[in-house]
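Grab a pencil and have the structure open beside you. Try each exercise yourself before you read its solution.

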Amino acid sequence: MAKVTIVVAVMLLWWTQVSMACTELSERLSSGVFQKLRVLRSTYVVLSSHTQYHCAMQCMYDAICASFNYDTTTSSCELNTETSTTTPDQVVNTPGWINANADSFPQALIGSCAGHTCPRGSICTLGTAQCIKRWRCVQIENGKVFYGGIHNVTREGRTCQRWDSHTPQQHYGKNDSPNNMQTVTSMAEAGNRCLTEFNDTIPWCYTTDPAMRWEHCSIPTC
């Protein structure tokens with residue numbers, strides 16, 4: 001019974017902190033923290049977030065994230081390595097999308113993860129404040145490049161084609177086989193995510209755009 005009481009007390013404290021943070025966020029929203037724009041060519045993770053505040057939290061848990069794009073129509077949350085200030089030439093006005101920087105929000109929003117020092121490639125988990133490894137960046141070990149994440153959109157925003165598909169891009173006889181790819185044992189297992197070959201330094205994929213055969217993905221280095 002005592003354990004249950006403690007858990008309930010901790011949850012109430014966390015909810016109070018989040019509620020206070022959200023109130024502050026609402027005030028900041030009216031002062032222009034969220035901009036009606038979208039930063040391109042630096043998205044390395046696409047998530048689903050029920051609000052822009054939740055998207056902000058996802059960004060703040062991750063040391064790599066500098067800004068985020070949020071689609072108010074589909075609830076898509078794009079985490080970026082760059083901001084509208086660092087890459088002003090990659091800013092576009094897309095209806096329904098808003099953008100904000102990670103450092104524009106109070107640390108209280110992420111509760112126990114406030115001020116976390118999780119290394120690149122790990123995210124802080126709310127409640128326990130533990131750093132959990134995630135394949136969100138490219139790791140280099142002994143001169144070899146590894147990426148085992150699930151990102152499936154190219155740097156230019158095109159959706160990746162499944163590796164076991166040859167439509168619209170045919171790639172019979174190419175070196176994109178399990179023996180030549182990192183982190184996968186079959187092309188069906190690879191799905192349509194960005195991958196690295198043994199001699200690659202940047203993850204890439206074939207695209208579903210008939211006019212563009214393949215493109216690199218904007219995955220940062222850990």
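Three exercises follow, on a sheet, one of its strands and some salt bridges.

Before you start, know that this is a predicted model, where local features need pLDDT of at least 70, side-chain atom pairs count only at pLDDT 80 or more, and totals for chains, interfaces and linings use all residues. Residues are numbered from 1 along each chain as its sequence is written, and side-chain values use heavy atoms, with hydrogens and water left out.

**Exercise 1.** Work out the strand order of the open sheet of 4 strands, and find which strands stand at the edges.

*Solution.*
- Step 1: Get the terms straight. Strands (E, at least two residues) and helices (H or I, at least four) are DSSP runs numbered from the N terminus, and two strands pair if DSSP finds at least two bridges between them.
- Step 2: Read off the order, which is β2-β4-β3-β6, with antiparallel pairing.
- Step 3: Look at the ends. β2 (43-48) and β6 (97-101) each have a single partner strand, so one side of each is left without a neighbour in the sheet.

**Exercise 2.** Take strand β3 and find its bridge partners, then decide whether its residues are buried or exposed.

*Solution.*
- Step 1: On one side, 4 bridges join β3 (residues 67-71) to β4 (residues 76-80). Here Asn 69 sits opposite Glu 78, and Phe 68 has Leu 79 as its bridge partner.
- Step 2: With β6, β3 pairs over 5 bridges in the antiparallel sense, and Phe 68 stands opposite Ala 100 there.
- Step 3: Check the hairpin of β3 and β4. It has 4 residues between the strands, and Ser 75 takes a positive phi near 65 degrees.
- Step 4: Now the cover. Buried means under 20% relative accessible area, exposed over 50%, and partly exposed in between (1.4 Å probe, protein chains only). In β3, 5 of its 5 residues are buried: Ser 67, Asn 69 and Asp 71 point one way, Phe 68 and Tyr 70 the other.

**Exercise 3.** How many salt bridges does a search of the whole structure find, and which parts of the chain does the pair of Arg 136 and Asp 62 link?

*Solution.*
- Step 1: Set the rule: a side-chain nitrogen of Lys or Arg within 4 Å of a carboxyl oxygen of Asp or Glu. The search gives 6.
- Step 2: In the Arg 136 and Asp 62 pair, the closest N and O atoms are 3.0 Å apart. Arg 136 is in the loop between β8 (131-133) and β9 (139-141), and Asp 62 is in the loop between α2 and β3, 74 residues apart.
- Step 3: Check accessibility. Arg 136 is buried at 11%, and Asp 62 is buried at 2%.
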